There are 2 protein chains.
Amino acid sequence: MNWRAQVQDKLPEAIAMLQRYCRQPSISAQGVGIAETVAMVREMIENLGGECRVLDDCGGNPVVYASFEPGPNGNPNRTLLFYNHYDVQPPEPVEEWTVPPFGAEIVDGKLYARGAADNKGELVARLNAIALLKENGGLPCRVKFLIEGEEEIGSPALPRYLEKYADLFRADACIWEFGGKNQYEQVELVAGIKGMCYLQFWCYGADVDVHSSMGAVLDNAAWRLVHALATLKSADNRILVEGFYDDVVPPTEALKRIADELPVEDLKSLYGLRRPLITGDANPNYALLFEPTMTICGIESGYTGEGSKTVLPKRAQAKVDCRLVPNQDPDDILRKVRRHLDKHGFTDVEVTQINGERAYRSNLDHPFVQMVVDTAKAAYETEVVLHPNSAGTGPMYPFGEFLGMDLPIVSTGCGWWNSRAHAPDESIRVADFERGILHMVLLMERFGADV
Amino acid sequence: MNWRAQVQDKLPEAIAMLQRYCRQPSISAQGVGIAETVAMVREMIENLGGECRVLDDCGGNPVVYASFEPGPNGNPNRTLLFYNHYDVQPPEPVEEWTVPPFGAEIVDGKLYARGAADNKGELVARLNAIALLKENGGLPCRVKFLIEGEEEIGSPALPRYLEKYADLFRADACIWEFGGKNQYEQVELVAGIKGMCYLQFWCYGADVDVHSSMGAVLDNAAWRLVHALATLKSADNRILVEGFYDDVVPPTEALKRIADELPVEDLKSLYGLRRPLITGDANPNYALLFEPTMTICGIESGYTGEGSKTVLPKRAQAKVDCRLVPNQDPDDILRKVRRHLDKHGFTDVEVTQINGERAYRSNLDHPFVQMVVDTAKAAYETEVVLHPNSAGTGPMYPFGEFLGMDLPIVSTGCGWWNSRAHAPDESIRVADFERGILHMVLLMERFGADV
C-alpha cells in the first residue's frame with residue numbers, strides 16, 4: 001500500500017475537518033464552547049464508525065471515550081490508546097494575533113489557530129489515520145481514545161475518570177498528546193514527563209499596610225518571605241530543602257547516553273539570556289531530563305508601580321514551581337518544604353500546594369517505544385530524537401497508576417519549533433500535519449502486526 | 001490680652017477661610033489645581049497685608065514666599081519662618097470616603113477634606129494667628145513663609161529654591177509643617193526628621209518570560225533578586241551592607257532620656273501585627289528615633305494572579321526604603337549597597353536611588369525648642385511631648401544646608417491621632433484647629449519678646 005499517496009490524496013478532507021474543529025472555541029479556563037466541542041468530537045468519532053461515550057460523572061468537563069474495532073484482518077488482542085484533549089488555552093492577548101485566533105486560516109503553508117498545535121491538530125491527524133486504514137482493509141488493531149477537556153487547567157478530574165473507567169481505557173500502549181519538530185527539524189518524541197509540585201507561599205505581617213517609617217520596629221512580610229525563600233535554594237541553584245533529593249534515582253548509563261546524543265539547543269540566543277546556564281559546562285540535557293527544579297514563577301508584595309511609595313506591606317506572596325523526577329512525590333515535597341520552613345524559624349510563612357503531579361517515564365526498552373521511533377523515521381523521512389521524558393509536565397502518571405505502571409507511553413504530534421502553543425499566532429505546518437497522519441497510519445499497522 | 005477669647009471670637013472666619021482653601025484641589029501628583037491654588041494662597045497672604053512672591057524659576061510647581069513686617073512694637077531683628085506646602089495627596093480611592101474629599105464638610109466637630117490635616121489646616125491656622133496679632137497691636141516679630149507645592153511628591157525642586165533664595169528665607173527659627181495629638185491626646189512636637197535613601201532594584205534574566213520547565217537550566221531573575229536582597233539584611237533585621245552603620249552617631253544620654261520618657265504606643269493592636277516587634281524587649285522609641293532602617297516597600301516578578309502559571313519570569317524588581325539618621329548620606333548608602341551587591345556576586349542586580357534625603361535634627365538645647373513646647377502647653381492645656389525627630393522624612397535638611405545648620409526647626413500642627421493623612425476621610429478636629437491658632441499666637445508673642 002502506498003500510504004504516502006493515500007494520505008496526500010485525502011489531505012484536503014483532513015484539513016477541512018481540522019479547520020472546522022479549530023473554528024470551534026473550547027476554552028476550559030473560561031468555560032467557553034465546551035458542550036459544543038464535545039458534540040463535535042462525538043460527531044467526528046461516530047462519522048468514522050467509532051463508538052463514543054461522553055463521561056461526565058466524575059466532575060469537571062466531560063471526558064470523551066472512543067473505541068474503534070479492528071478490521072477483519074486486524075488483531076483484536078492489541079489495543080492502542082490515544083490521549084488527547086479538546087480544550088485549548090485562552091486566545092488572549094488577542095490583539096497580538098496577526099490572524100483571527102479561531103479563523104483557522106492557512107497562510108504560507110501554515111494553519112493558524114488557537115489549539116492547532118495544542119492539541120487539535122493531533123486529534124484530527126489520528127482520526128484521519130483511522131479513516132484511511134478503515135477505507136483500506138480495516139484497522140490493524142483495536143483503538144481507543146481518551147479525550148479530556150481540562151488539560152489546560154491542570155486535568156484536575158482526570159485521575160478520577162481513569163480510576164473509575166480503568167477497564168474501559170485499558171490498553172497495551174499509549175500515544176500521548178503532543179510533539180513536533182525542533183529547531184533542527186528533527187522529530188522529537190518523548191517517553192515521559194516530569195512531575196510537579198506547584199507551591200503557593202503567603203506571609204502576613206499586619207492587618208493593614210503601614211507607613212514605612214515603622215520599619216524601625218515592625219517586622220515586614222516581604223522581608224520574611226524573601227528570607228524564607230532564600231533558605232530554600234542556594235544562590236548557585238542547589239535546592240536546600242532537607243530531603244528534597246532523597247527519592248531522586250540517578251539516571252542509568254543508558255539514559256545518560258541518550259541525553260548525550262540529544263541535540264543541545266542554543267537557549268542563550270533563543271531567550272536572550274543575560275546570565276550563563278546554571279548547569280555551567282555540563283550538558284544541559286542532563287538537568288532538563290533528570291533533575292528536579294525549584295522555580296520562582298511569581299512574587300509580589302507592597303507597591304510596585306512607578307516611583308516610590310513609602311509603605312511597609314501587610315502581606316507577601318510567592319508562587320514556586322518544583323518540577324519532579326520519577327519517584328518523587330509532590331505531597332512529600334510539600335511536607336518537606338513545610339518542615340524546612342519550620343526548622344528555619346519561618347513558622348509564619350504559609351505554604352500550600354496548588355498543583356501536584358508525579359513524574360512518569362516509560363520503560364525505554366519496551367518494543368513499543370522503538371516502534372514509534374521507527375515509524376516516525378519512515379513517515380517523516382528525517383532524524384528522530386527520543387527524549388526519555390519531557391522537561392515539562394502532564395497528567396501521565398495517573399495513566400500508569402490506573403492502567404498499569406508498565407504501560408508504554410510515547411508522545412508525538414504535528415507541531416514545529418515555532419508553533420507558539422499558549423501564545424499568539426499558534427500554528428502547525430500543513431506538511432507536518434500530513435506526515436503526522438502518515439506516522440499514525442504506519443504505527444497502527446506495525447502495532448497490529450506485532451505479536 | 002485674652003488671646004483664647006480672641007481666637008474663639010474669630011474662629012468662624014478662620015473656618016470659612018480653611019473651607020474655601022480645602023475646597024480648592026491641589027494635587028501635585030496629578031497636576032490638578034496648582035495655578036488656582038497658588039493664586040488663592042497669594043490672595044490670602046495679600047489680604048493680610050503680607051508681601052508675596054511666587055518663585056518659579058527653579059523648576060517644579062511654584063514656591064510661594066511671603067513676608068510680614070513686625071508691628072510698631074514688634075522686634076525687627078527676630079524672624080520666624082513657617083514651612084508649609086499647598087499641595088495635597090490624591091483623594092483616591094474616592095469611593096472609600098464617607099464625605100466628598102473636597103467638600104470640607106464639618107461633621108461632629110471634625111472638618112473633613114483631603115489636605116485638612118496635611119497641610120492646609122496648618123497654613124490657615126498660622127495665617128489666622130497673624131491676622132489676630134495684627135488686629136491687636138501688630139506682629140511681635142518678622143514672619144516669613146515658604147509654601148511649596150511638591151511636598152507630596154518628594155520636594156524635588158525645593159533645594160534649588162532654598163539655595164537660590166537663601167537670603168530671602170533667612171530666619172532665626174523655623175516652624176515645620178506637621179503635627180498633632182497622639183492616641184493619649186498629648187500634643188506631639190518633633191525637632192527633626194529621618195533621612196531617606198529610596199532604592200529601586202531591577203534584575204533582568206531574559207528577553208522573554210520562559211516556560212518554567214526551563215528552570216532546570218536557566219537562571220531566574222526572581223531568585224537572583226531574592227538572594228541579593230537576603231544578603232542585605234539578616235533574618236533578625238540587622239542591616240548587613242558593609243559600612244551601612246559607619247556614620248551613625250550613637251544618641252547622647254540626654255537624647256536617650258527623652259526617648260525613655262516618650263509614650264510607647266501599642267503598635268500590636270493598632271496595626272494588627274502577627275509578629276513581635278523586631279526591637280524585642282527594648283524601648284521601641286530608640287529604634288524609631290535613632291536607628292536607620294531598610295524596608296522592602298515592594299517586590300514583584302512573574303505571575304501573581306489566581307492559581308498557577310508555570311512561568312520563569314524575565315525580570316524582577318524591588319523597592320527598598322532606607323530611613324537614615326543624622327550624619328548618614330543617601331548617596332553614600334547607594335554606593336555601599338552597590339559595592340555590597342558586587343562583592344556578593346550580584347553584579348547583574350541593578351540599583352538606583354529614586355529619592356535621597358538627609359536627616360536633620362535641631363539642637364534640642366536651643367531656647368526656641370523649649371519655647372515651642374512651653375507655648376504648646378499654654379495653648380493646648382494638655383501634656384506636650386517632644387520627639388528629637390520624627391521616624392518619618394521630609395525636606396528639612398536643605399533648610400539647614402542653605403539657611404544654616406544651627407537653624408532650630410520644630411514641627412507642630414493641628415492634626416489628631418486619627419487624621420488619616422494620605423487616606424480616605426482625612427480630617428482635623430475644629431477644637432484642635434482653634435488651639436493651633438492660639439499656639440501660634442502665643443509662640444510669635446514669646447518669640448518677638450525673646451532677646
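This passage describes the contact between chain A and chain B and a small part of the fold of chain B in a predicted model.

Local features require pLDDT of at least 70 and side-chain atom pairs pLDDT 80 or more, while totals for chains, interfaces and linings use all residues. Residues are numbered from 1 along each chain as its sequence is written, chains are lettered from A and ligands numbered from 1 in the order written, and side-chain values use heavy atoms, with hydrogens and water left out.

The contact (heavy atoms within 4.5 Å) draws 75 residues from chain B and 74 residues from chain A. Interface size is often expressed as the accessible area lost when the parts come together. Here the two chains bury about 6200 Å² between them, where buried area is the accessible area (1.4 Å probe) lost on putting the two parts together, summed over both. Carbon and sulfur atoms account for 61% of it. B:V217, B:W223 and B:R275 supply 12% of the area that chain B buries against chain A, more than any other three residues.

B:R275 also takes part in a salt bridge, with A:D348. The closest N and O atoms of this pair are 3.7 Å apart. Between the chains the count is 6 salt bridges, each defined as a side-chain nitrogen of Lys or Arg within 4 Å of a carboxyl oxygen of Asp or Glu. In addition, 37 residue pairs are in polar contact across the interface, both residues at pLDDT 80 or more. A polar contact is a pair of N or O atoms within 3.5 Å; within protein, one must be able to donate a hydrogen and the other to accept it, and residues adjacent in sequence count only if both atoms are side-chain atoms.

Strands also pair between the chains. Strand β13 (residues 295-302) of chain A and strand β13 (residues 295-302) of chain B run antiparallel over 5 bridges. A:E300 stands opposite B:E300. Strands (E, at least two residues) and helices (H or I, at least four) are DSSP runs numbered from the N terminus; two strands pair if DSSP finds at least two bridges between them.

Within chain B, an open antiparallel sheet of 3 strands has the order β4-β5-β20. β4 (105-107) and β20 (427-429) are at the edges, each with a single partner strand, so one side of each lacks a neighbour in the sheet. In chain B, 3 bridges join β4 to β5 (residues 110-112). B:I106 has B:L111 as its bridge partner.
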